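I opened the model to look up its helices, their packing and a few single residues. My entries follow in the order in which I made them.

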Amino acid sequence: MNVSNHPSIPNETLRNKTQEVEQILSLYKEGKNIIEIASSLHFSQSYVQDVLLCAQTLAEEDAVAIAMLMEDA
């Protein structure tokens, strides 16, 4: 579910972070590894790894929840 432009997310930083999380999760679902995702999106490998770890820890793919955890990253 694409929620990056959802009006119920008032914080622009959180919307941007949510969009990043959605992009990472989408590429991961396509079978890309951390290095490929980081290179493709111009993110650090550690950031991609942290997002995927949060997704795994939460046992869900709620991009907003993950973005909230990653907001300060």
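Entry 1, terms. Before placing any residue in a helix I fixed the term: a helix here is a DSSP run, H or I, of at least four residues, numbered from the N terminus. By that assignment I find serine 46 in helix α3.

Entry 2, confidence. I am working with a predicted model. I read a mean pLDDT of 83 for the protein chain, with 79% of its residues at 70 or more. I then looked up where the confidence is lowest and where it is highest. The low end is helix α4 (residues 63-70), with a mean of 77; the high end is helix α2 (residues 34-41), at 98.

Entry 3, overall makeup. I count 4 helices and 0 strands in the protein chain. Read from the N terminus, the order of elements is α-α-α-α. The chain has 73 residues, and 36% of them count as buried. I also looked up contact range: among contacts with a separation of 6 or more, 42% join residues 24 or more positions apart.

Entry 4, the core. Which residues have the most contacts inside the largest nonpolar core? I get Val21, Ile24, Val48, Val51 and Ile66, in a core of 19 residues. The elements giving two or more residues to this core are α1 (12-29), α2, α3 and α4. The top contributor is α3, with 6 residues. I followed up on valine 51: leaving out neighbours within four places in sequence, I find valine 51 in contact with Val21, Ile24, Ile66 and Met70.

Entry 5, α1 against α3. Two packed helices are described by the angle between their axes and by the distance between the axes. For α1 and α3 I read an angle of about 85° and an axis distance of 10 Å. The range for roughly perpendicular is 65 to 115 degrees, so I log α1 and α3 as roughly perpendicular to each other. On the α1 side, the contact is made by Lys17, Glu20, Val21, Ile24, Leu25 and Tyr28. On the α3 side, I list Tyr47, Val48, Val51, Leu52 and Ala55. Sorted by class, this contact of α1 with α3 has 9 nonpolar, no polar and 2 charged residues.

Entry 6, cysteine 54. I place cysteine 54 in helix α3 (residues 45-58). Is cysteine 54 buried or exposed? Its relative accessibility is 17%, and the cut-off for buried is under 20%, so cysteine 54 counts as buried. Setting aside neighbours within four places in sequence, I find cysteine 54 in contact with Ile66, Leu69 and Met70. I also took a C-alpha distance: cysteine 54 and alanine 65, 11 residues apart along the chain, are separated by 9.1 Å.

Entry 7, serine 46. I went back to serine 46 in α3 for its accessibility. At 45% relative accessibility, serine 46 counts as partly exposed. From serine 46 to isoleucine 34 I read 8.6 Å, C-alpha to C-alpha, with their positions 12 residues apart in sequence counted as separation.

Entry 8, histidine 42. Where does histidine 42 lie? I find histidine 42 in the loop between α2 and α3. Its phi is near 60°, a positive value in a residue other than glycine. Histidine 42 has 73% relative accessibility and therefore counts as exposed.

Definitions and conventions: Residues numbered from 1 in each chain as written. Predicted model: local features only at pLDDT ≥ 70, side-chain atom pairs only at ≥ 80, totals over all residues. Heavy atoms only, no water. pLDDT = per-residue confidence, 0-100. Buried < 20%, exposed > 50% of the residue type's maximum accessible area, 1.4 Å probe, protein only. Contact = heavy atoms within 4.5 Å. Core = buried A, V, L, I, M, F, W, Y, C linked by side-chain atoms within 4.5 Å. Axes fitted to C-alpha atoms, helices over the stretch in contact; angles between N-to-C directions. Parallel < 35°, antiparallel > 145°, perpendicular 65-115°, else oblique. Nonpolar A, V, L, I, M, F, W, Y, C, P; charged D, E, K, R; others polar.
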